[in-house]
Amino acid sequence: MLSADTVTQIAEELAEADRSHSVIPRITARYPEATVEDSYAIQGVWRDSQIAAGRRLVGRKIGLTSKAMQQATGITEPDYGVMFDDTVYESGAEIPVDHFSNVRIEVELAFVLKHPLEGPDCTLDDALAAIDYAVPALEVLNSHIELEGRTIVDTISDNAAYGAMVLGTVRKRPDEIDLRWVPGVLSRNGEIEETGVAAGVLGHPATGVAWLANKFHQHGARLEAGEIILAGSFTRPMWVSRGDQVLCDYGPMGTIECRFI
């Protein structure tokens, strides 16, 4: 376990990297004894400093929930991070690429809760009952830790590599559509780069919501009504650069477009 001073120091390094859009050396290279508990403690110190600075928490992201993402990162268990109000874009947005580091795009579904959700024994059915609606989303990854050799400890510490999300406009209640078969066809500058279906996320994209509620119970917390839960990617991440036009087609759930400037 890392000392409280070390946890705070790393959280401050990550906050500065976020401000300067830079990258720090791997935490696990410098502190090989760091644990997953340490990484969530680092994330928590960083999160609290952002809230103290006036940012408003609007939801949570779940990461590394699909085989595609686990194979792409070499990390084999899900993780989570927090999302603030100033990181939410609408379809059609122009997104400044300089606001992020190691910029990539993932194809996801997001869920908005109508009821609180609490572990320890939360099931998929419990999650579906608590969800108000699903909406398609693109996640913008933002990694402030060098990618080579990173572990889940590095990723969690860095707010699970969350940068921003772009939300679509089509909303569906869980009983209106079989969420497992929502497709994602991701294009960059008119060329299809990645495809997948939402069942790639733990068999059902809302399974991650139940997982997160149970994980939160271990920390004495719960998911609250109104929170947005970004449920995890069902494609590999796609690198983007300034000038790239991104389009994702979700079939019956519409499309999302954005451009990086």
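In the predicted model, five strands form an open sheet of mixed pairing, arranged in the order β4-β13-β12-β8-β9. The edges of this sheet are occupied by β4 and β9 (191-197), each of which pairs on one side only. On average, neighbouring strands of the sheet are turned by 20° against each other when direction is ignored. Strands of a sheet pair through backbone hydrogen bonds, in either a parallel or an antiparallel sense. Within this sheet, strand β8 (residues 183-188) and strand β12 (residues 245-249) pair in the antiparallel sense, over four bridges. Residue L186 stands opposite C248 in β12.

An annotation is available for part of the chain. In an unreviewed entry, UniProt lists residues 76-260 under "domain: Fumarylacetoacetase-like C-terminal". The computed composition of residues 76-260 is 14% helix and 37% strand, and the end C-alpha atoms of the span lie 30 Å apart.

Electrostatic pairing was examined next. The structure holds 16 salt bridges. One of them is formed by R26 and E146, whose closest N and O atoms are 4.0 Å apart. R26 is located in the loop between α1 (4-20) and α2 (27-30), and E146 in the loop between β6 (131-141) and α6 (152-157), so the pair ties together parts that are 120 residues apart in sequence. The two partners fall into separate accessibility classes under the cut-offs applied, by which buried means under 20% relative accessible area and partly exposed lies between 20% and 50%. R26 is classed as buried because its relative accessible area is 19%, whereas E146, at 35%, is partly exposed.

A salt bridge is also formed between D85 and R56, with the closest N and O atoms 3.8 Å apart. This pair likewise links distant parts of the chain: D85 is placed in the loop between β2 (79-84) and β3 (88-90), and R56 in the loop between α3 (36-52) and β1 (57-63). The separation of D85 and R56 in sequence is 29 residues. D85 has a relative accessibility of 31% and therefore counts as partly exposed, while R56 counts as exposed because its value is 51%, the threshold for that class being over 50%.

A further salt bridge involves E176 and R173, for which the closest N and O atoms are 3.6 Å apart. The relative accessibility of E176 is 43%, so this residue counts as partly exposed; R173, with a relative accessible area of 42%, is also partly exposed. The pair belongs to a network of salt bridges in which R173, D175 and E176 are linked.

Several local backbone features were identified. A cis peptide bond joins G119 and P120, with omega at about 20°. P120 is found in the loop between β5 (104-113) and α5 (124-130). Positive phi values occur at two asparagine residues, N102 and N159. For N102, phi is near 50°, a positive value in a residue other than glycine. N102 is situated in the loop between β4 (93-95) and β5 and is partly exposed, with a relative accessible area of 23%. For N159, which is not a glycine either, phi is about 55°. N159 lies in the loop between α6 and β7 (162-167). In accessibility, N159 counts as buried because its value is 5%, whereas N102, at 23%, is partly exposed.

The environment of G208 was also characterised. G208 is placed in helix α7 (residues 207-218). With a relative accessible area of 0%, G208 is buried. Apart from its neighbours within four places in sequence, G208 is in contact with I62 and L202. The C-alpha atoms of G208 and R104 are separated by 21 Å, these residues being 104 residues apart along the chain.

Note on methods:
Residues numbered from 1 in each chain as written. Predicted model: local features only at pLDDT ≥ 70, side-chain atom pairs only at ≥ 80, totals over all residues. Heavy atoms only, no water. Salt bridge = Lys/Arg side-chain N within 4 Å of Asp/Glu carboxyl O. Helix = DSSP H or I, 4+ residues; strand = E, 2+ residues; numbered from the N terminus. Buried < 20%, exposed > 50% of the residue type's maximum accessible area, 1.4 Å probe, protein only. Contact = heavy atoms within 4.5 Å. Pairing = 2+ DSSP bridges. Axes fitted to C-alpha atoms, helices over the stretch in contact; angles between N-to-C directions. UniProt positions renumbered as here; feature names shortened; annotations may be inferred.
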